[in-house]
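Please open the structure in your viewer and keep the sequence panel visible beside it. The tour below proceeds by selections, each followed by a description of what is found there.

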Amino acid sequence: MPHLELASVSKAFKTNKVLEDISLTADAGEIVVIFGPSGTGKTVLLRLIAGVEEPTSGSISIDNQDMVDVAPEHRDVGMAFQNFALFPHMNAFENIASPLRARSQGEAQVNDGVSRVARLLKIDHVLSHAPRQLSNGQKQRTALARALASSPKLLLLDDPLRNVDAKLRFEMRLELPRLLREAKSTVLYVTQDYKEAMALADRIAVLVEGRFIQVATPQDIYRNPATVGVARLFGDPAINLAETTIGADGAIELAGEKVTIDKSYRAFAGKTVTFGVRPEAVEVMNGRGAGLKAQVMAVTPLNERTVLLLQTKAGAELLASLPSSSPSIPKAENEVRIAFNPAGTHLFDRETGTALARGRA
Amino acid sequence: MDHTSNLERFIRGGLIGLVLIFFLFPIFWIVLMSFQTNETILRIPPSIVFEPTMSNYSALITGKLKTTAGNLDLAFMKNLWNSVLLSTLSVALSLVLGVPAAYAFARFRFRLGEDIAFTLLSFRFAPPLLVLLPLSLYFKQLGLTNTYVGLIWVYQLICLPLILWIVRGYFEDISPDIEHAYRIAGNSWWQTFRKIAVPLAMPGIAAAGLLAFIFAWNNFIFALILASADKQPVTVGALAFVTASGIQYGQIAAAIVLSIAPTLALALYAQRYLVEGLSLGAVKG
């Protein structure tokens, strides 16, 4: 039974449609990441669920209870805001205690509750500080602690790592899954960082221009993106895309050469499509032999992977990502031959951008 | 850090001194006058050398004024008390009405909201006499003439717009997310207003209240027309010093000293708060 259910929810501010026909279910204890570029209505969606905004149409139910006209204080949700929204006139302890006090618990229970989450988030030493005395990271943890304090059944996290520095973001990305599992809440987590989405999510809902274009597991989103847009949003470096025409034998014309990747592409013979290949699926070989000829323009080592910028004879550029441990990493200016691992290739409709087919290994 | 030369410092000091003399000399002179008799005040040329007398103050406090034309009863202490009562109650009522209204105007967009807010402000544009003539007729019919209730009601014309517009800016400066967070934590709208919005807007509320108090205290025309001697504040009460045997400058000066003392003390005490409060709302964010 789904814990949270959104049924064709739409939201418009006057004539400006922010969300259109949003449907989503989340099971109890599931972590669903709402992922999308900025300005697509992710925050508005969380506000609708929290009850601080009302949807223009559609219904929201939590625990099988319709939430229309249910005030935010009666929804049993916890929310962490992107801008932290700490109460400036209360110290960290009182900030975290506020949801406990509102549930009229005794002083002893409030103390227990606060120190439990404070220890969990490693801020027990700054509880007496006012928000303005806290570092950004401590503010972020305090906001998170406040959302977690009352062990709400539904936790709404609005890009909580957006305003913290890169080092802390990395630490928290490792720590958050454990914290969220421990909270045992259903979690809706908003982010525009695809790595965060991949690291945390049971499922990812990709929100673009007010609509969900794909809701699936992180693996599925990466392997079977529903549209060119999704393919482009997930992956670093981004997927290589090129417009091409499929030959009668299923071969793809790239940079003036025909490349056969997957026989099944024959089904789209004669069609002009957008061809996509993940940088990891670009195989780079030294010397002569089979494959597309290309020149290495730049080599960028990024820890465990090394990214190559390649240019074909016809001038088309593409990126390849190799394990840094690979023995055959070419140098800049080298001539190489490239081939494609079919499993990392995709065909998209040129007009609509929807996925047509994916190569098989 | 400090790049100012001696000349600059000298000029700055001189200019500040000039401004201080301009604003403080009248107060200084009034204080001197309050310790003199009419004869020494009207002496030509004036001198700051005189024999101080407490007669002005004692006349005000005992309420007995001796003039060459005979003895006169003064209601000055009563007037002072009226001022305290009228100003305090007016500001209190304005806060009770104005702070929630300011919150409503800041947070909710409702039909005619902007128009209503502006109408309230426009009370301060109209010349008071224009309002007063019809009002005095109504007050007679309603039996509100010469009552504290009636005066406090009219004083809302002074206090309410001030409080409404200053405090509204403060509420607008509070991030709505802070209030949302408190509600999601499980608190009702009313608790959020009391525990979050009002405490965060407190500097603005205090500054607006103080300013409204001073404006109410200094008001003259409303009480002059709508109340008689026993309900009038000091500003109107001072007219009693224009007597048949001449103008009692010494008593006027003493009365002024006594009547500006409370607001002056209040303003000095809350000075930092006031300046910070009034500028913060405008500059911040």
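**First stop: a helix of chain A**

Select residues 136-149 of chain A, which form helix α4. The model is a predicted one. At 1.5 Å a residue, the 14 residues of this helix should span 20 Å, and its end C-alpha atoms are indeed 20 Å apart, which agrees.

Is α4(A) enclosed by the rest of the structure or left open? Of its 14 residues, 12 are buried, so the helix is largely enclosed by the rest of the structure. The buried residues include A:Q138, A:R141, A:L144, A:A145 and A:L148. To see what covers them, add β6 (77-80), α2 (92-102), α3 (107-120), β7 (154-158) and α5 (166-183) of chain A, which are among the covering elements. Beyond the helix, select A:S151, which follows α4(A) and has a positive phi, near 45°.

**Second stop: the mixed sheet of chain A**

Two of the covering elements, β6(A) and β7(A), also belong to an open sheet of six strands. Display the strands in the order β6-β7-β8-β3-β9-β10 of chain A; their pairing is mixed. The edges are held by β6 and β10 (211-216) of chain A, each with a single partner strand, so one side of each is left without a neighbour in the sheet. The twist from one strand to the next averages 15°.

Now select β6(A) and β7(A) together: they run parallel and are joined by four bridges. Within this pair, A:G78 has A:L155 in β7(A) as its bridge partner.

**Third stop: the start of chain A**

Move to residues 2-13 and 16-27 of chain A, the strands β1 and β2, which pair in the antiparallel sense over eight bridges. Label A:A12 and A:K17, the latter being the bridge partner of the former in β2(A). The hairpin has two residues between the strands, and in it A:K14 takes a positive phi near 55°.

**Fourth stop: the antiparallel sheet of chain A**

Continue to the five strands that form an open sheet in the order β15-β19-β16-β17-β18 of chain A, where the pairing is antiparallel. At its edges stand β15 (282-286) and β18 (317-323) of chain A; each has a single partner strand, so one side of each lacks a neighbour in the sheet. Neighbouring strands here are turned by 45° against each other on average, direction ignored.

For a detail, select β15(A) with β19 (residues 335-340) of chain A: five bridges join them in the antiparallel sense. A:N286 stands opposite A:V336 in β19(A).

**Fifth stop: the domains of chain A**

Colour chain A by its domain assignment, which gives domain 1 (2-226) and domain 2 (240-358). The centres of these two domains, taken over C-alpha atoms, are separated by 39 Å.

**Sixth stop: where chain A touches chain B**

Bring chain B into view. How many residues does each chain give to the contact? Chain A contributes 17 residues and chain B contributes 15 residues. On the chain A side, β6 and α2 each supply at least two residues. The most come from α2(A), with three residues. By kind, the residues on this side of chain A divide into 11 nonpolar, three polar and three charged.

**Last stop: chain B**

Show chain B alone. Its secondary structure comes to 13 helices and four strands, and its C-alpha trace spans about 75 × 70 × 30 Å along its principal axes. Of the 285 residues in chain B, 34% are buried. Among its contacts between residues at least 6 apart in sequence, 78% join residues at least 24 apart.

Colour chain B by domain 1 (6-73) and domain 2 (76-283). Their centres, taken over C-alpha atoms, lie 30 Å apart. Here 19 residues of domain 1 of chain B are in contact with 15 residues of domain 2 of chain B. On the domain 1 side, select α1 (6-34), α2 (38-41), α3 (55-62) and β1 (64-67) of chain B, each of which supplies at least two residues. Which of these elements gives the most? The answer is α3(B), with five residues. The residues on this side of domain 1 of chain B divide into 11 nonpolar, eight polar and no charged.

Conventions: Residues are numbered from 1 along each chain as its sequence is written. Chains are lettered from A and ligands numbered from 1 in the order in which they are written. This is a predicted model: local features need pLDDT of at least 70, side-chain atom pairs count only at pLDDT 80 or more; totals for chains, interfaces and linings use all residues. The expected span of a helix is 1.5 Å times one less than its number of residues. A residue is buried if 20 or more other C-beta atoms lie within 10 Å of its own, exposed if 12 or fewer, and partly exposed in between; C-beta atoms are placed from the backbone. Two residues are in contact if their C-beta atoms, placed from the backbone, lie within 7 Å. Two strands pair if DSSP finds at least two bridges between them. Axes are lines fitted to C-alpha atoms, for helices over the stretch in contact, and angles run from 0 to 180 degrees between N-to-C directions. Ala, Val, Leu, Ile, Met, Phe, Trp, Tyr, Cys and Pro count as nonpolar, Asp, Glu, Lys and Arg as charged, and the others, Gly among them, as polar. Domain bounds come from an automatic or database domain assignment.
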